[in-house]
Amino acid sequence: MERFARVRFAVPLLVTVNVFVTGVPTVVVFWSVDCAYCQRHNSRIAQLHATADPQGLQVLGVAEGGDAAAARQEVARRGWRFPMVTDDGRLRARFTPRRVVPMTCLLAADGRLAQCIPGEMSEADVMALASAPWSGTAR
């Protein structure tokens with residue numbers, strides 16, 4: 001099972017990266033600028049990010065398509081304040097071969113990919129991610 005190396009990210013800037021790594025449980029959301037489901041879903045993810053303890057759960061948005069300017073504009077227009085990166089497809093390939101957006105992937109504290117959830121999630125389901133058992137270390 002692939003594990004992701006540990007590193008911290010702290011600034012909500014949109015940058016282009018090819019590899020994502022983390023050291024605490026992380027919700028990673030793949031989304032597209034032109035996806036209405038993603039817009040609603042990311043608003044819920046933004047609420048999760050605003051209420052979660054950053055030492056216990058981090059959130060990362062991954063805009064697909066590599067158009068950083070369009071993604072940056074959408075992030076600013078929507079007021080989303082969680083960290084965002086763009087992806088040319090190589091990052092998503094490390095998580096799942098499925099092309100559904102939004103796609104919410106859960107990385108446990110030990111770097112293990114716990115689950116990928118396709119599609120838009122309800123507010124209750126998104127907020128429950130902060131207390132879900134997936135966020136601990138693998139046994």
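Visitor: Which residue meets the side chain of Glu64 in a salt bridge?
Guide: The model is predicted. A salt bridge needs a side-chain nitrogen of Lys or Arg within 4 Å of a carboxyl oxygen of Asp or Glu. For Glu64 the N to O distance is 2.4 Å, and the partner is Arg92.

Visitor: How many residues apart are Glu64 and Arg92?
Guide: Glu64 belongs to strand S3, residues 58-64. Arg92 belongs to helix H3, residues 90-95. Both residues are buried. The pair links distant parts of the chain, at a separation of 28 residues.

Visitor: Which helix holds both Glu74 and Arg77?
Guide: These two residues form a salt bridge, with 3.2 Å between the closest N and O atoms. In an α-helix, residues three or four places apart point the same way, because there are 3.6 residues a turn. Glu74 and Arg77 are three residues apart, about one turn, and both lie in helix H2.

Visitor: Is Arg77 buried or exposed?
Guide: Its partner Glu74 has a relative accessible area of 6% and is buried. The cut-off for exposed is over 50%. Arg77 has a relative accessibility of 57%, so it counts as exposed.

Visitor: Which residue forms a salt bridge with Asp110?
Guide: The closest N and O atoms of this pair are 3.8 Å apart, and the limit for a salt bridge is 4 Å. Asp110 is buried, as is its partner. That partner is Arg112.

Visitor: How many salt bridges does the rule give?
Guide: Side chains of opposite charge can pair when their charged atoms come close. Besides separate pairs such as Glu64 and Arg92, there is a network that links Arg40, Arg44 and Glu120. The count of salt bridges comes to eight.

Visitor: How far apart are the end C-alpha atoms of helix H1?
Guide: Helix H1 covers residues 36-51, which makes 16 residues. The expected span is 1.5 Å times one less than the number of residues, which gives 22 Å for H1. The distance in the model agrees with this, at 23 Å.

Visitor: Which helix do the buried residues of H1 pack against, besides H2?
Guide: The buried residues of H1 are Cys38, Gln39, His41, Asn42, Ile45, Ala46 and Leu48. They pack against strands S2, S3, S4 and S5. Besides H2, the helix they meet is H4 (123-128).

Visitor: Which residues touch the most other members of the largest nonpolar core?
Guide: In soluble globular proteins, nonpolar side chains tend to be buried together. The largest nonpolar core here has 24 residues, and the most other members are touched by Val27 and Trp31.

Visitor: Which element gives the most residues to this core?
Guide: The core of 24 residues takes at least two residues from each of S2, H1, S3 and H2. The top contribution is four residues, and it comes from H1. A second, separate core has 10 residues, among them Phe30, Val85, Leu91 and Cys105. For the core asked about, the element is H1.

Visitor: Which backbone oxygen does the side chain of Thr26 reach?
Guide: Thr26 lies in strand S2. With a relative accessible area of 0%, Thr26 is buried. Its side chain comes to 2.7 Å from the backbone oxygen of Val24.

Visitor: What is the geometry of the aromatic pair of Phe30 and Phe95?
Guide: A pair of aromatic rings is described by the distance of the centres and the angle of the planes. Both residues count as buried, Phe30 at 0% relative accessibility and Phe95 at 6%. The ring centres are 5.3 Å apart and the planes stand at 70°. Planes over 60 degrees apart set the class, so the pair is edge-to-face.

Visitor: How many aromatic pairs does the structure hold?
Guide: Phe30 in strand S2 and Phe95 in helix H3 make a pair 65 residues apart. Trp31, Trp80 and Phe82 form one aromatic cluster. The number of aromatic pairs in the structure is three.

Visitor: In what order do the elements of the protein chain run from the N terminus?
Guide: The chain has four helices and six strands. Of its 139 residues, 47% count as buried. From the N terminus on, the order is β-β-α-β-α-β-α-β-β-α.

Notes. Residues are numbered from 1 along each chain as its sequence is written. This is a predicted model: local features need pLDDT of at least 70, side-chain atom pairs count only at pLDDT 80 or more; totals for chains, interfaces and linings use all residues. Side-chain values use heavy atoms; hydrogens and water are left out. Buried means under 20% relative accessible area, exposed over 50%, partly exposed in between (1.4 Å probe, protein chains only). Contact means heavy atoms within 4.5 Å. A nonpolar core is a set of buried Ala, Val, Leu, Ile, Met, Phe, Trp, Tyr and Cys residues joined through side-chain atoms within 4.5 Å. A polar contact is a pair of N or O atoms within 3.5 Å; within protein, one must be able to donate a hydrogen and the other to accept it, and residues adjacent in sequence count only if both atoms are side-chain atoms. Rings of Phe, Tyr and Trp (its six-membered ring) pair if their centres lie within 6.5 Å; planes under 30 degrees apart count as stacked, over 60 as edge-to-face and the rest as tilted.
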